[in-house]
Amino acid sequence: MTIIVTGGAGFIGSNFVFHMLKKYPDYRIICLDKLTYAGNLSTLKSVMDNPNFRFVKADICDREAVYKLFEEEHPDIVVNFAAESHVDRSIEDPGIFLQTNIIGTATMMDACRKYGIKRYHQVSTDEVYGDLPLDRPDLLFTEETPIHTSSPYSSSKAGADLLVMAYYRTYGLPCTISRCSNNYGPYHFPEKLIPLMIANALNDKPLPVYGEGKNVRDWLYVEDHCKAIDLIIHKGRVGEVYNIGGHNEMANIDIVKLICKELGKPESLITYVKDRKGHDMRYAIDPTKIHNELGWLPETKFADGIKKTIKWYLENREWWEEIVSGEYQNYYEKMYGNR
Ligand code: NAD
Ligand code: TDX
């Protein structure tokens, strides 16, 4: 089995590469990644010499490069993680989000149509459903919840999802889509809430909480997410959407206070800053479908997952310090410029 994993040098994609190489020693895993600011080749250094792994630096929008890779590797499955993923950046500058998240998805699927594929899997997000009110804990996102986006990021992801369903209906492309809640764990880029707060707290820097910190997110440990995608690509039904969630809703401020407590840092570091524009209030996933059909359940309790995550950031300071300092952007040239 040959699988192309796009965006495999990013947070979730790299965790998925590790999961697949470990679980399926007879699979060939190819990471296709442009190495944007969010992609870091040092993340993949433990697998670079694995004979079942290949790294290819390319843009998913680059049709020529993508088709060439399909001609060389004849993949059975594509899992598309590659995306511009940060909501705040999309508010500043939407253009690249439309390019990568929509045009890139179409380009990958065109390659799948041209060369044939057993499965194209699109990694989407719960943000395509918009948000839920704080005072209605009974309301959750199901796969039937209408698409109702708030940010340029979520709109671009929704656009991609609609294209995937169009390629399924029009061309019969064997696709699946997963929509997951907020992930956390190792190799999470320190611009996102949890790793940013850990890195800042460790450096005794202010912890910038948007608005009043009451917004709720439904946190999912990244390994549990990878296991869900593994199940979907092997056993999920084509043409279907699967929600993946951790049953673990928490307000941002409670997360930040917990991080302070775990690191022995004072809550006085917390600074309330201007709210995000169009800030979604609450996300909450109903994962009944994937549980009933594929037997998936989140295994990691937040109390354990956050401890593991903090321990990882303490033990891998070099990884995130290089990012915070910008040094990692020289890594590819330094290590692989002559390959
Ligand atoms: P990330 O930003 O950490 O990584 C994205 C990766 O994609 C990087 O390695 C980057 O170099 C690569 N990439 C970006 N543009 C590319 C392009 N044009 N061509 C090839 N590679 C490109 O993102 P993440 O948090 O790992 O998210 C992965 C996927 O999961 C995304 O599709 C995102 O929308 C989705 N998602 C993430 C979360 C979350 O909590 N992180 C939740 C729901 C859905
Ligand atoms: O400095 C911060 N302060 C703060 O209060 C940051 C970076 C975030 N926040 C808040 C905004 C959100 O309510 O924390 C919450 C989480 O923010 P992010 O980590 O930026 O994640 P979010 O906007 O929820 O989006 C994430 O989950 C869905 C991923 O980045 C997306 O790629 C995914 O689709």
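Here are three short exercises on the structure above, each with a worked solution.

This is a predicted model, where local features need pLDDT of at least 70, side-chain atom pairs count only at pLDDT 80 or more, and totals for chains, interfaces and linings use all residues. Residues are numbered from 1 along each chain as its sequence is written, chains are lettered from A and ligands numbered from 1 in the order written, and side-chain values use heavy atoms, leaving out hydrogens and water.

**Exercise 1.** Work out what surrounds ligand 1 and which residues come nearest.

*Solution.* Start with the shell: 28 residues lie around the ligand (near means a heavy atom within 4 Å). Ile12, Asp33, Ser85, Tyr153 and Lys157 come nearest. Next, sort the shell by class: 13 nonpolar, 11 polar and four charged residues, with Gly counted as polar. Then look at the elements, taken as DSSP runs (helices H or I, at least four residues; strands E, at least two). Helix H1 (11-23), strand S5 (119-125) and helix H5 (152-171) each supply at least two shell residues, and S5 gives the most, with three.

Now pick out the polar contacts (N or O pairs within 3.5 Å). Oxygen atoms of ligand 1 sit 2.6 Å from a side-chain N or O atom of tyrosine 153, 2.9 Å from a polar backbone atom of glycine 10 and 3.0 Å from a backbone N or O atom of threonine 36. Finish with area (Shrake-Rupley, 1.4 Å probe): the ligand alone exposes 830 Å², and the protein buries 97% of that.

**Exercise 2.** Is threonine 6 buried or exposed, and what does its side chain reach?

*Solution.* First, place it: threonine 6 is in strand S1 (residues 2-6). Threonine 6 counts as buried because its relative accessibility is 0%, and the cut-offs are under 20% for buried, over 50% for exposed and partly exposed in between (1.4 Å probe, protein chains only). Second, follow the side chain: it makes a polar contact with the side chain of asparagine 80 at 2.5 Å and reaches the backbone nitrogen of alanine 82 at 3.1 Å. Third, list contacts (heavy atoms within 4.5 Å); beyond four places in sequence, they include Leu32, Ile60 and Met108.

**Exercise 3.** Which residues have the most contacts inside the largest nonpolar core?

*Solution.* Use the core rule: buried Ala, Val, Leu, Ile, Met, Phe, Trp, Tyr and Cys joined through side-chain atoms within 4.5 Å. The largest core has 72 residues, and Leu44 and Phe53 have the most contacts inside it. Phenylalanine 53 is in contact with Leu44 itself, and also with Val17 and Met48, among others. A second, separate core has 32 residues, including Val56 and Ile177.

Note on methods
Polar contact = N/O pair within 3.5 Å; in protein donor to acceptor, adjacent residues only side chain to side chain.
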